[in-house]
Each structure stands twice: as C-alpha cells, then as structure tokens.
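Biologist: I'd like to learn how to read the features of a model like this one. Could you take me through it step by step?
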Amino acid sequence: MSPAQQRGLALWAALLSAVVCLGFLPASRLASVLIFLVVMGGIAASWYVTSRRVQPDVTLRLDDLPEATYRQPVVLVCGDLPLAWPQQSQVLTVTQGCWIRVEEFQELEQLARQVLWQRPDWGRQLSVMVSVCPQKHADSEALTSRLLALRWQISQLRKETGHSIPLVLNGQVGSAMTNDLLWQAALPGEGVRVWRESAAPCSIAAWVTTGGAPVMQQQVLMNSLMSWFHSHVKAVFMDENPDVPVIAPTAVLWGMGPILAGSLAASAWTAWLSRHTALQQVAGWQPVGTDSTVISPLPDFVLPLLPEGRGLTPRGRTWRCALGLFTLAAMAALLSSGWNNRQLLHRVSFDIARYDRIPMDDYGPKADAVAALREDAAQLDDHVRNGVPVRMSLGLYQGERLRMPVLEAIRSYVPPPPPKSQPKSNQAPKIVRLDSMSLFDSGKADLKAGSTKVLVNSLVGIKARPGWLIVVAGHTDNTGSQQINQPLSRERAESVRNWMRDTGDVPESCFAVQGYGASRPVTTNDTPEGRALNRRVEISLVPQADACRMPGNNNTSSQDDGVTQNEMEN
C-alpha cells in the first residue's frame, strides 16, 4: 500500500470517527470530544507506525523490470541457478513472461519485497521457482536445510503480502542419453506431459511408444529423477511441520539435457542411483559437457500455464480497508442511534407512568409530573418542526409514537383550586404603636395640642367591631421609679382611650385600658434611641364575645369600609 493510499485511509478513518463520535455517541458533548480525540490519537499512531516500516533494501537494484502495466507471469528463480545467465541483469524478459534471478537463496524474501515495492500491482502474477540439480549436491542434509529455509521464506512472503504466491519445483539432471533439452511437467488437471523444443507436447505413453529403445532408456532415467525428487525435494515442502505451513507446488518440472554445468563426479544423485538402480552401468547416464551456454536452462513453456495467484492489489486492499472502516462506522452509528432512541422511549414512558400513578388531588407532585411532560412535549414538537436530530436518525426514531400519549396526559391534567381566603372581618388588625413623646410632654398624661393629627393618621385602621375589644396599653422607659411610671403609663392610655371614645362615639364597653410602666420594653433602655422606642402607647384588637355591645341597637354597623357586622345582643 503506497503512502498516498495510507494517508487517504487515515483521513477516511478520521472523517468517519468525527461523524460517529460527534454525531451519534450517546454521551455528553465533552465526553464525545474526548473519545474523538482518543480515536484520532490511535489513527495517528497507526499511520505513523505504518509509514515507518522498513523499506526494501535499495542495494538490490532491479532497473530492468518491465513497466507497471506488464501483466505477464513474473517468476523468481532460486536454488541451483545456471552458471551462465543470458544477460548481465537479474531480469530476463521473454515472450511468455519474465524471469528474475535470485542470487542467494537467503535473498528470496527480500527480493520479492523489492519487486512488490517497485511494482505494487504484480502481487497476483508473481511466482517462485525452486530449481534443484541433484548432480551439484554432495550432501543431502545440506540440501534439505536450504530447502527448509526457502519454505520458511515463501510462507512468510505469503503471510506478509496477502498473496498466495504459486510455487514451481524444477529438477534437472545431465545425461548423454538425449541430444536436446527434455522436459516433463506435472500440471494441475493435465497429468505428466512431455515437452520438447522440436515437437508438440504429448503424454509419456505416446512419447515412449513412438521413440523406441533410446526413449525407453531416457524415461527410465527420468523416472529415477522423479523418485529422487519426490523424496528429497517435494517432501521437504509437503511434510507436516508445526512451525511452517505446508506449501504445495503448483507445478513440478523434471528436465534432462546433455550438458549440466557444475555437476560433481560423486554426488547425492550418483549415490542414490547406486543404491536404487543399475543405471550407472548404462552408457550415457552422465552429461557429456559442462558448457551451459549451448541450450536454454529455463522452461519458458511453463510460463503461460502458471495459474494467477490469489490476493488483492494495493488498490483493491485500500478499497477493502475503506469499506471495512465504513462498515464499522455504520454499525457504531446504528447502535448509538438505537441506544439514544431507547433512552428517549424509556424516559418519556417513565414520565407518563409517573404522572398516571399520582392522584389528581396530590397537587404538588402532580404539578411536577405535568411539568416534566410539558418538557417532553416541547422536545418532541421541536423534533417535528425542525427535523429528527442526527443522533436519533437512521430510521430508528421513536418519538413520533410518543407524542400523542404525552399530549393526552397533559390535557387530562386538572389544576388545583385557588386557596380559600378567610373573611376580612375575622382578621385582626396589626398592633398600632404611638410614640409617647409625639402625644405627651415629658412626665405628663395630657395630650398635646398637636397630637390630634398623629392620632387620626395612626388609628385609621382601628375600628369598633362587635366581639372585639380595643385594648389601649401604655408603656414607659426605665427612667424614674416604677411607682411613678406605672400610673403615668395608665393615665396616658386613658387619655388616648378618651380621645378615641369621644371622637368616634365608641361605647365605653369597647375599650380596655392597661398601664405597664417599664415592665415590657421592646428594646434596650441603655441607649437614647431604645428608650424613645419603649415610650409608647399600643392599640390592638382582642377577640371577646361580649365586647363592644351597643345598647338599643340589634345591628351594629362596622366602621370598616361600610361592611355590616354580625348581629349583637342588647
């Protein structure tokens, strides 16, 4: 995946995260923002780690690779390579495809990464061919060790790239029994077929039938090669191993030619032939020379027959990742929307059930319940007027079916009756306090000349009422003795009573006069201001059944705003 594709996926993931976290998550705005920031941090960290991956070693130069649009098979050739490569470059392009030489078997995985780095779209056309020449190996165990290393590299390459890179196994021996290069190939669905440059491919039976005794000898030697190859090469890739997965070859090739460069006089091949056959006694079982430039060592015919590997191109992998991210975001949005609608349904249903449980005459809790329903109705009406919020959308909105039950519950509410006010006639006026110094001279009990106005303004609320006694109480400060202050306070109360009686023509029975002297102060007498407040005359109404009776009148009119008072007895 290229850096541009990685950046695109990171931006796509950030956009989807913003939509889900800020638009759908069933959390507060602050919590949604914090979750979004955490997700963004994870995306940034993943992108950084991906971008910092080790790139292929640039020391492996592959300058002669075909263009990126090349779609022929590309085969990495490793193992026992021919000593003479047709050209100086590691890349050999032929009509049927492209061969790339792997100099050392340890470089297979690294070279494959380099190829895919330069040509990211070649993953499905890439194959590996392992070539083994038994006449070049003196130690079978060393050969097995190298093949296991190749098996491990191929398995890692498949795992990391995501492509099922096909494996081709190729075994070659040299023999003077043939004058040109002979190939036999086992391909899927075709069995073993014979390939020669001078003739069309055919089955082994047809080839032996038409070839006579020389061909019979060649086939016996080829069968020996097949047996050795199966037990020493193919088995290494196919045997069960808990550490490395089995790698089944897509095609198996066996080649035989008159010349084989690098062959040994005493090899694993000669040792195997001695133990299992008598071919060493047959003339021509060894190669006639070592000049490998005479014939081509590569089976070009197999290139068009190789199957296309499975896997996704970088672009396809990018689209798959983008689709996977979208699917995850859509699932998260749907779950969040469903949860938000579930919460709305539970809250409104709870408010309706709470309202129904409270009796109508339980005015306080009932008013609270209907207030909650009015808030629910306002929210549901807002959804109708302005559209369903995004966090409850995606076709899961449940508010429409709740709106009518809420409105019906609100319409059924009966407000509490207004509180009953008691008749004004039963309410006693407040106590009226008169400043003694504004009514009397110091030490005197006679009203001053200018006191009438004060009395009129202060006593306008004091009315004679049947059943109410007008109590006039005099008070002094603590200046002087109690023997002087107590009579003085009573005399001042009597003076006020007399003024009220004479001015309002109120019967004597409506009054009660009291003198307390300095025994009931309203504040401290330690300051001039406190003593001034304590020098006072208080007038108040006290209920008394037989008070304020007026002889000769069955009905006494109240002086309180012309309202007729209750009937009084003579």
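Biologist: Let's begin with helix α4. Which strands does helix α4 lie across?

Modeller: This is a predicted model, and in it helix α4, residues 140-161, lies across β1 (74-79), β4 (126-132) and β5 (167-174). Its direction makes about 175 degrees with β4.

Biologist: And which strands does helix α5 touch?

Modeller: Helix α5, residues 204-238, packs on the sheet and touches β4, β5, β6 (182-187), β7, β8 and β9 (251-257). Against β9 its direction makes about 125 degrees.

Biologist: How should I read the sheet itself? In what order do the strands come?

Modeller: Generally, strands of a sheet pair through backbone hydrogen bonds, in a parallel or an antiparallel way. Here 9 strands form an open sheet with mixed pairing, in the order β2-β3-β1-β4-β5-β9-β6-β7-β8.

Biologist: Why is one side of β2 and of β8 left without a neighbour in the sheet?

Modeller: β2 (91-93) and β8 (199-203) stand at the edges, each with a single partner strand, so one side of each has no neighbour in the sheet. As for twist, neighbouring strands of this sheet are turned by 20 degrees against each other on average, ignoring direction.

Biologist: Let's look at the β6, β7 and β8 end. How many bridges link β6 and β7?

Modeller: β6 and β7 pair in the antiparallel sense over 6 bridges, and Ala185 has Arg193 in β7 as its bridge partner. Their hairpin has 3 residues between the strands, and Gly189 takes a positive phi near 80 degrees there.

Biologist: What about the step from β7 to β8? How many residues does that hairpin pass through?

Modeller: The hairpin joins β7 to β8 through 2 residues. β7 (residues 191-196) pairs with β8 in the antiparallel sense over 3 bridges, with Ala199 in β8 as the bridge partner of Arg196.

Biologist: Now a helix pair, please. At what angle do α8 and α9 pack?

Modeller: Two packed helices are described by the angle between their axes and the distance between those axes. Helix α8 (residues 363-386) and helix α9 (residues 400-411) pack at about 140 degrees, with their axes 9 Å apart. α8 passes α9 in a left-handed crossing.

Biologist: Which residues meet there?

Modeller: From α8, the residues are Val370, Leu373, Arg374, Ala377, Leu380, Asp381 and Val384; they meet Glu400, Leu402, Arg403, Val406, Leu407, Ala409 and Ile410 in α9. By class, this contact has 10 nonpolar, no polar and 4 charged residues.

Biologist: Where does Arg342 sit, and why does Arg342 count as partly exposed?

Modeller: Arg342 is in helix α7, residues 314-357. Its relative accessibility is 39%, so Arg342 counts as partly exposed, a class that lies between 20% and 50%. Its C-alpha atom is 9.9 Å from that of Gly399, although the two residues are 57 apart along the chain.

Biologist: Last topic: confidence. Which element has the highest mean pLDDT, and which the lowest?

Modeller: β4 has the highest at 92, and helix α11 (residues 451-458) the lowest at 78. The protein averages a pLDDT of 81, and 85% of the residues score at least 70.

Biologist: And where does pLDDT stay under 50?

Modeller: Residues 291-295 are one such stretch, with 9 contacts beyond four places in sequence. Over residues 553-570 the pLDDT is also below 50, and this stretch has 34 contacts in the model beyond near neighbours in sequence.

Key: Residues are numbered from 1 along each chain as its sequence is written. This is a predicted model: local features need pLDDT of at least 70, side-chain atom pairs count only at pLDDT 80 or more; totals for chains, interfaces and linings use all residues. Side-chain values use heavy atoms; hydrogens and water are left out. Two strands pair if DSSP finds at least two bridges between them. Helices (H or I, at least four residues) and strands (E, at least two) are DSSP runs, numbered from the N terminus. Axes are lines fitted to C-alpha atoms, for helices over the stretch in contact, and angles run from 0 to 180 degrees between N-to-C directions. Contact means heavy atoms within 4.5 Å. A crossing is left-handed if the near helix is turned anticlockwise from the far one by less than a right angle, and right-handed if clockwise. Ala, Val, Leu, Ile, Met, Phe, Trp, Tyr, Cys and Pro count as nonpolar, Asp, Glu, Lys and Arg as charged, and the others, Gly among them, as polar. Buried means under 20% relative accessible area, exposed over 50%, partly exposed in between (1.4 Å probe, protein chains only). pLDDT is the predictor's confidence in each residue, from 0 to 100.
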